[in-house]
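Here is a set of questions and answers on one model. Look at the structure first, then read on.

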Amino acid sequence: MARVTALLILPVLLESVYSISFFLPVNSRKCLREEIHKDVLVTGEYELTEQPNTKTHLKITDSSTHTLYSKEDATKGKFAFTTEDYDMFEVCFESKSPLGTGRVPDQLVNLDMKHGVEAKNYEEIAKVEKLKPLEVELRRLEDLSESIVNDFAYMKKREEEMRDTNESTNTRVLYFSIFSMCCLIGLATWQVFYLRRFFKAKKLIE
């Protein structure tokens, strides 16, 4: 039974909301991968068209294959999780049917995902904390500002790591170049003395 695997690489965003639709052939697997920062709320909603004698498994994992969400025979639902570390996360839909490829129409998969500030339900927060509309908007702006600051801090950290790596690489290249030059100079000196002794032994030079 043939299995098709497709990977859709999505851009790295701290807060984002995107909606994607695609067709899932029977007995195939399609995955979406995305890098997400630490301590970011992720929510999603999915819906699949139903096909006879076909079951679709939804599974969300991190790079360590830890399962964050799993649903057998997924047709419609929601999921939510908070990232514990900066990592690559994978959302996979796998279709299985005993009828075989070509005998069952492709399933249409609709997936909506939200990250960070966009994933928070501020209406619910307002009800729980009894906030006024202006206070809710201020809370949202505060969370947005905090996420932007965290994003810049992360980019600064990555820049420092890349700079340290470049400096370390440059230092190693410099040492290797000096070592190579010393080896060449030593080899050239040895060749001169060796040829000098050889020619003296042949009495070609005095």
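**Helix, patch and loop**

Q: Which residues does UniProt list for "transmembrane region"?
A: The model here is predicted, while this annotation comes from a record. The UniProt entry is unreviewed. For "transmembrane region" it lists residues 173-195.

Q: How far apart are the end C-alpha atoms of residues 173-195?
A: The span is 100% helix and 0% strand. Its end C-alpha atoms lie apart by 32 Å.

Q: What distance separates the end C-alpha atoms of helix α2?
A: Helix α2 covers residues 133-201, which is 69 residues. At 1.5 Å a residue, the helix should span 102 Å. The model agrees with that expectation, as the end C-alpha atoms are apart by 101 Å.

Q: Which residues of α2 are buried?
A: Buried means under 20% relative accessible area. What covers the buried residues of α2 includes α1 (122-129). The buried residues are V136, D143, S147 and Y154.

Q: Is L195 buried or partly exposed?
A: L195 lies in helix α2. Its relative accessibility is 41%. Buried would need a value under 20%, and exposed one over 50%, so L195 counts as partly exposed.

Q: Which residues make the nonpolar surface patch of about 580 Å²?
A: L195, a residue of helix α2, is one of them. The full set is L187, W190, Y194, L195, F198 and F199.

Q: Which residue with a positive phi follows α2?
A: The phi in question is near 60°. The residue is K203.

Q: Is T54 buried or exposed?
A: T54 sits in the loop between β4 (41-48) and β5 (55-61). Its relative accessibility is 11%. The cut-off for buried is under 20%, so T54 counts as buried.

Q: Which residues is T54 in contact with, leaving aside neighbours within four places in sequence?
A: Contact requires heavy atoms within 4.5 Å. The partners of T54 are V26, D73, S95, K96, S97, V104 and Q107.

Q: What pattern does the protein chain follow along the sequence?
A: The chain has 2 helices and 9 strands. Read along the sequence, the pattern is β-β-β-β-β-β-β-β-β-α-α.

Q: What share of contacts between residues at least 6 apart in sequence joins residues at least 24 apart?
A: The count concerns contacts in the protein chain. The share is 76%.

Q: How much of the exposed area do carbon and sulfur atoms supply?
A: Of the 206 residues in the protein chain, 29% are buried. The chain exposes about 14,500 Å². Carbon and sulfur atoms supply 57% of that area.

Terms used. Residues are numbered from 1 along each chain as its sequence is written. This is a predicted model: local features need pLDDT of at least 70, side-chain atom pairs count only at pLDDT 80 or more; totals for chains, interfaces and linings use all residues. Side-chain values use heavy atoms; hydrogens and water are left out. Helices (H or I, at least four residues) and strands (E, at least two) are DSSP runs, numbered from the N terminus. Buried means under 20% relative accessible area, exposed over 50%, partly exposed in between (1.4 Å probe, protein chains only). The expected span of a helix is 1.5 Å times one less than its number of residues. Patches are made of residues with over 30% relative accessible area and no salt bridge: like charges are joined within 9 Å, nonpolar side chains (Val, Leu, Ile, Met, Phe, Trp, Tyr) within 5 Å. Accessible areas come from the Shrake-Rupley method with a 1.4 Å probe; for residues, only the protein chains shown count as cover. A salt bridge is a side-chain nitrogen of Lys or Arg within 4 Å of a carboxyl oxygen of Asp or Glu. UniProt positions are given in the numbering used here, feature names are shortened, and annotations may be inferred rather than shown by experiment.
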